[in-house]
Amino acid sequence: MESLLSDDLLRQLMAAGQVDVVVGVPTLNNASTVGAVVHEVHLAFTGPFKRDRTVLINFDAGSEDNTPDLVRRASLVESETLVAPEAFRTVHRISSPYHGRPGKGGTLRALFAAAELLDAKAVALFDPDVTSLRADWVARLVRPVYRDGFDYVAPAFTRHPTEGPLVTQLARPLVRAAYGHRMLEPLSSEFACSLRFASHCLAQDVWSSPFLSYGVDIWLATTALAGGFRCGEAVLGPRVQAPSAERPGLPELFRQVVGALFTCLEMHQSYWLGREGSQPLARLSDGPLWNPEGTALDPAPLTESFRSGIRDLRPVLERILEADTLAEAERVAAVEGSAPDFGDALWTQTLTQFAAAHHREVMHRDHLIRALVPLYLGRTAAFLSENAGREAAAVEERLEALNLEFEKHKPQFVRRWKAEQGS
């Protein structure tokens, strides 16, 4: 464990001693936003957790914009008054360069190792560029772990149901159907967990896997579900993220998310293949889930990308999709004018057949995932067009219908998956 932590960081951790709550904030050139994030974390430390031993650890991956200095100097002062001067315990703040394996997976491994060294009761992670983060986020995620015995707490963000299609159309229904748990945000980078879960993750032989450099978020969520840990979710409110040059565009983001999700299905197949139905996670805080106002993508360019992709990628799709599924997708693409009629059943068949093809490696897996992009865009265009102007509650009903379609299709997906194993 100690080899994961630099000598300087070890000295700082030893000076902090045993703590109750550890919050990690990994950074890379986040000078414009990190100060406010650190400030909100410390508001939680000196407010809801003022009787507890707390530490914020910043792992910086080589920022060139003075981000670590801003973390160290972030104000604990609000309106010229020291925040919570009656705090009963010392608040620690540690900033350390990170020189391990590139990517978020490596920094998370170091955070878990630090939490083990500090014998922490709860561990949490927050992105440094989320401008909507507030102190109560820390409390809502950490309290159920620290005081109520939960092992993994995921956020539930307030959004309009037409927003976040990569979550609503792909990750959420597939995770729900496969793992049997209704997790609203399986791709979220914010979470809190117990030391028991952190130690379980550290013991897994996955940390050298390349996919963890970008897919650690979905791996954590599905590992918690598959491991039988006590999981819940907390409503936090809207999530607003500042623009970042470090964030990949849609093609690369899609490759990362879907590649990580399909890889997790491989890793956890002994768990999910035998599961039926789904159960909701414990809801650990109150608040609205659906924002009545939303901004949606324009379906027109998505539709065009779908139609051209079906046409140009046909030789590739023939190796992935079953003949009747491909024929139906081509029929939908051939209808000119409006957005495609890419319904729930067709999308469920398409995505699960891609997952099975990924499982048996019918081609280079990156190429396979990229071939799914135009089909995903077609499905997204269909969903946005169908639900344009609808009330949030009505759109949510359509999302639930999609989730149920995936659940209904689960036995067929399992048979296809097992058949590809030759069993």
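**Close-up views of a predicted model**

P288 is exposed, with a relative accessible area of 57% (exposed means over 50%, buried under 20% and partly exposed in between, with a 1.4 Å probe and protein chains only). The model is predicted, so local features need pLDDT of at least 70 and side-chain atom pairs count only at pLDDT 80 or more, whereas totals for chains, interfaces and linings use all residues. Residues are numbered from 1 along each chain as its sequence is written, and side-chain values use heavy atoms, with hydrogens and water left out.

**View A. Surroundings of P288 in the loop between β12 and α11.** The loop runs between β12 (282–283) and α11 (299–312); helices (H or I, at least four residues) and strands (E, at least two) are DSSP runs, numbered from the N terminus. Leaving aside neighbours within four places in sequence, P288 is in contact (heavy atoms within 4.5 Å) with T158 and V235. P288 and H358 are 70 residues apart in sequence, and their C-alpha atoms are 37 Å apart in space.

**View B. The largest nonpolar core and W219.** A nonpolar core is a set of buried Ala, Val, Leu, Ile, Met, Phe, Trp, Tyr and Cys residues joined through side-chain atoms within 4.5 Å. The largest one has 100 residues, and those touching the most other members are F112, Y152, W219, L220, L265, F354 and L375. Helix α15 (residues 365–387) supplies the largest share of this core, 11 residues. Another core, of 32 residues, lies apart from it and includes V41, V142, V145 and F157. Beyond its neighbours within four places in sequence, W219 is in contact with C201, Q204, V206, W207, F211, L212, C264 and M267.

**View C. Helix α2 and the loop that follows, with G47.** The 12 residues of α2 should span 16 Å at 1.5 Å a residue, and the end C-alpha atoms are 17 Å apart, which agrees; the expected span is 1.5 Å times one less than the number of residues. The helix is mostly covered, with 10 of its 12 residues buried. The buried residues of α2 are V34, V37, V38, H39, E40, V41, H42, L43, A44 and F45. G47 is in the loop between α2 and β2 (54–60) and counts as partly exposed, at 30% relative accessibility. G47 and R311 are 264 residues apart along the chain, and their C-alpha atoms are separated by 58 Å.

**View D. N29 and D119, two loop residues with positive phi.** N29, which is not a glycine, has a phi near 55°. This residue sits in the loop between β1 (21–27) and α2 (34–45), and N29 is partly exposed at 29% relative accessible area. D119, also not a glycine, has a phi of about 55°. The loop that holds D119 lies between α4 (104–118) and β6 (122–125). D119 counts as partly exposed, at 37% relative accessibility.

**View E. The second largest cavity and its lining.** A cavity is a set of points, on a 1 Å grid over the protein atoms alone, where a 1.4 Å probe fits but cannot get out; lining residues have an atom within 4 Å of a point. The structure holds 2 cavities of 30 Å³ or more, and the second largest encloses about 30 Å³ of space. A156, F157, R159, R172, L184, E185, L289 and W290 line this second largest cavity. Its lining divides into 5 nonpolar, no polar and 3 charged residues.

Notes:
On a 1 Å grid over the protein atoms alone, a cavity is a set of points where a 1.4 Å probe fits but cannot get out, and a pocket is an open set with protein on both sides within 12 Å along at least five of seven lines; lining residues have an atom within 4 Å of a point. Grid points are joined across faces, edges and corners, and a volume is the space filled by probe spheres set on the points. Ala, Val, Leu, Ile, Met, Phe, Trp, Tyr, Cys and Pro count as nonpolar, Asp, Glu, Lys and Arg as charged, and the others, Gly among them, as polar.
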